[in-house]
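Hi everyone, thanks for making time. I'd like to walk you through one model today, starting with the ligand and then moving to a single leucine.

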Amino acid sequence: MQRYKLSYDVKGEIYYSPDNAKELLQGKYYLGDVLEILRHLTPEYRGKVQLIYMDPPFLTGQEFKFRQPIGIKGWSGDREHSISHIAYTDKVDKDILLNMMTEVLTLAYELLTDEGCLYLHIDYRLSAYMRIILDDIFGIDNFLNEIIWHYRTGGRAKRHFSRKHDNILFYRKSKGYYFNIEAVGIPRGTDKKNNMKQGKDANGRVFWSIKSGGREYRYYEDDKVYPSDVWDDIPHLHQQNPERTGYDTQKPERLLERIVLSSSRPGDIVADLFAGSGTTLNVAQRLGRRWLGIDSSIFSLHTCRKRLLNNERSNKIGFFYNENIPALSIKQGNHNEITICDFEEDIELIDHWSIGYVKNGVYNSIKHSMRTSSNPNLDIEFQLNEKAIENFSADNLCIHTVDIYGKQRFYIAKTSP
Ligand SMILES: C[S@@+](CC[C@H](N)C(=O)[O-])C[C@H]1O[C@@H](n2cnc3c(N)ncnc32)[C@H](O)[C@@H]1O
């Protein structure tokens, strides 16, 4: 019989790339207040981050929710079997927010490499203040664009013109910044162009032409068109979009793809200091970038974890945490089967669980099961192969559970006296 300790206090998680052999680190997620974490991390990451995107709270005065389906019924689509949690509130006093953002942006500047760039996603409520603060920190010459992300969703105003855009302020760290517009070009396409004539050149390339001032202007169908600073081709995620995680304020992956592809290379570090549902982290992971994520909401951590584990490029995670609290007993059989004796959590209320081992203060998960719309069931037994079992010793086996209320628990092996 062994005693197991229970721990709630998670500090963050690390994710590895699919290349197990080299254990290449893919990314780190830190749970906690952005300033506390940044102050702690700046010495480690100073001058190493290529791209920082952030989408902080922007004085909306609202509460934002996370919708959590419950058990098999909830994940099978029955909306009555779900609960809404408050993921985070955006009801901060303006001066407090501006002070916090000034410090966050100052530390962000320090994290960037000389080739690095920052994208700050805000709206009309903060844009004027942020422009002044950023000009101060980055230098007015390093301002590159105010990108207008225009969308059509949301209500229609009658007392003023409807507000249908967000602002993304784009700054470089220095003149030697990296930017690859080629990576985000889209072929002009075969659509008919009004007032233009279609033709073919000697090499068989199709173009559309127009004459003006005695000159002919040709636009080839296979030439790329590059985005301007008005992005009106990326809609908000609609209700049924499979990308949706249930976390309010989630941004579309296409938006982040444009940013990540144009401003970083594979292997570079991409950071999102207000990670939310993990859009940036998931895109970075998929595009082979390393990443750093921070958020203070436990529902952000849960959403990011599931999203990243479903990403075909990640297969291994670890958590760093503080150990403490009561015990759970387990029995280990002769054939490597492990029975948990006094596990009192209701399995219908568990959304995700994993089994793993603790090494150097990090919990490494080996096998996990999570509910998703395509797989609402939770496995309650795992087959572990010999290689996985080799990682376990008497004192390091660990189980991690996440329930629908946002509580996560670790049950950690402790040999009883
Ligand atoms: C607008 S959301 C980010 C959404 C994200 N871009 C996405 O696509 O899902 C802002 C996030 O900032 C987090 N946040 C707010 N204040 C914070 C703080 N002081 N420290 C860390 N995170 C914070 C919230 O928990 C929330 O997840």
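Let me fix one term before we look: a polar contact here is a pair of N or O atoms within 3.5 Å. Please keep in mind that this is a predicted model.

So, what does D55 do at the ligand? A polar side-chain atom of D55 sits 2.8 Å from a ligand nitrogen, which counts as a polar contact because the cut-off is 3.5 Å. T279 also uses its side chain: one of its N or O atoms is 2.7 Å from an oxygen atom of the ligand. With S296 the backbone takes part, as a polar backbone atom there is 3.2 Å from a nitrogen atom of the ligand. On its own the ligand would expose 600 Å², and the protein buries 94% of that.

Now the whole shell. There are 19 residues around the ligand, and the closest are D55, Y247, S277, T279 and D295. Sorted by class, that shell has seven nonpolar, eight polar and four charged residues.

Next, the leucine I promised. L255 belongs to helix α5, which covers residues 253–263. Is L255 buried or exposed? Its relative accessible area is 0%, so L255 is buried. And which residues does L255 touch, leaving aside neighbours within four places in sequence? They are Y53, H121, W149, I168, W231 and I234. Take I234 from that list: it is 21 residues from L255 in sequence, yet their C-alpha atoms are 6.7 Å apart in space.

That's my tour, and I'm happy to go back to any of these views.

Note on methods
Residues are numbered from 1 along each chain as its sequence is written. This is a predicted model: local features need pLDDT of at least 70, side-chain atom pairs count only at pLDDT 80 or more; totals for chains, interfaces and linings use all residues. Side-chain values use heavy atoms; hydrogens and water are left out. Helices (H or I, at least four residues) and strands (E, at least two) are DSSP runs, numbered from the N terminus. Buried means under 20% relative accessible area, exposed over 50%, partly exposed in between (1.4 Å probe, protein chains only). Contact means heavy atoms within 4.5 Å. A residue is near a molecule or strand if one of its heavy atoms lies within 4 Å of it. A polar contact is a pair of N or O atoms within 3.5 Å; within protein, one must be able to donate a hydrogen and the other to accept it, and residues adjacent in sequence count only if both atoms are side-chain atoms. Accessible areas come from the Shrake-Rupley method with a 1.4 Å probe; for residues, only the protein chains shown count as cover. Ala, Val, Leu, Ile, Met, Phe, Trp, Tyr, Cys and Pro count as nonpolar, Asp, Glu, Lys and Arg as charged, and the others, Gly among them, as polar.
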